[in-house]
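Welcome! Here are a few short exercises to work through with the structure in view, each followed by a worked solution.

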Amino acid sequence: MKSIFDKVSFDCSRNVTKSYSTSFSTAVKMLAPSIRQDIYNIYGFVRFADEIVDSFHDYDKANLLQLFEDNLHLALKDKISLNPILNSFQHTVTKYNIPKELIDAFMQSMKLDLVKNEYTTKQEYNEYIYGSADVVGLMCLKVFVKGNDEKYEELKHSAMRLGSAFQKVNFLRDLKADFEDLNRTYFPDTDLNKLDEISKQKIVDEIEADFKEAYQGILHLPLEAKFGVYTAYVYYKKLLSKLKKTPSAEIKNTRIRVSDYQKLGLFAKCYVTYRLNIL
């Protein structure tokens, strides 16, 4: 029966999330069970596309990404795919009527990672972040509001700002790997060979502004989503705080992380804040 195949597909998306990001998978567990699987389905899709362009160095990445996109289009058209990740993703896209233009924008940013190494203007930078992160936030928002278009429009801006904040924190944390391993520079007007405290603080200020706008949207999320999104927000805010305190020279030479012990403390604090209705 197809229901068994769908369950296997959903299990694959959940396992991808748990395998690639313990922090994100923990935050997803804080979502209501009614929407949890659909966020796994979205994450599995974006993670596989990202892995193609970031990790498969011994293979023809352009060809693999094209095959992935071709199969994606077929999955969306036929409402099924023998690729379990695409099968689960198309299920969520269909269920919540996720606009195709969001998916196309994401795939366009993934294609840029194959050919573009440097973002020299603010416009290029913003367009890449929109496709690689903002639209992912919008896909998730479609799930959170469960078809309520008015609520979606109300929270659309803050969802995009949260996606931007998460992506920029990742950029700052992964400076060394992006620059040395992938030969990529995302921040415009920033020479990573000469990254100083002034340049770093400019980036931090930009991220903090994104977080400030995003928080206002978190306050108005449906209850099923609020705790999980708030947990992810607190985790990334903590990561930004550590990056802010880390000398720029050290950021260029190491990958800053939040320890498992600190994560437990953060998640416990989030739970207390949520249960006491302080959020």
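**Exercise 1.** Is the crossing of H10 and H11 left-handed or right-handed? Work out their relative direction as well.

*Solution.* Keep in mind that this is a predicted model.
- Start with the geometry: helix H10 (residues 197-218) and helix H11 (residues 223-245) pack at an angle of about 165°, and their axes lie 11 Å apart.
- Angles over 145 degrees count as roughly antiparallel, and therefore H10 and H11 are roughly antiparallel to each other.
- As for the handedness, H10 and H11 make a left-handed crossing.

**Exercise 2.** Find residues in H10 and H11 that meet, then sort the contact by class.

*Solution.*
- On the H10 side, the residues include Val204, Ile207, Phe211 and Tyr215.
- Their partners in H11 include Val229, Tyr233, Leu240 and Lys244.
- Sorted by class, the contact of H10 with H11 has 11 nonpolar, 1 polar and 6 charged residues.

**Exercise 3.** Decide whether Ser88 is buried or exposed, and list its contacts.

*Solution.*
- First locate Ser88: it sits in helix H5 (residues 84-96).
- Its relative accessibility is 0%, so Ser88 counts as buried.
- Setting aside neighbours within four places in sequence, Ser88 touches Ser9, Phe10, Ser13 and Asn41.

**Exercise 4.** Check the span of helix H3 (residues 33-55) against the expected value, and look at its burial.

*Solution.*
- With 23 residues at 1.5 Å a residue, H3 should span 33 Å.
- The end C-alpha atoms of H3 are 32 Å apart, which agrees.
- Of the 23 residues of H3, 18 are buried, so this helix is largely enclosed by the rest of the structure.

How values were computed
Residues numbered from 1 in each chain as written. Predicted model: local features only at pLDDT ≥ 70, side-chain atom pairs only at ≥ 80, totals over all residues. Heavy atoms only, no water. Axes fitted to C-alpha atoms, helices over the stretch in contact; angles between N-to-C directions. Helix = DSSP H or I, 4+ residues; strand = E, 2+ residues; numbered from the N terminus. Parallel < 35°, antiparallel > 145°, perpendicular 65-115°, else oblique. Left-handed = near helix turned anticlockwise from the far one by under 90°. Contact = heavy atoms within 4.5 Å. Nonpolar A, V, L, I, M, F, W, Y, C, P; charged D, E, K, R; others polar. Buried < 20%, exposed > 50% of the residue type's maximum accessible area, 1.4 Å probe, protein only. Expected span 1.5 Å × (residues − 1).
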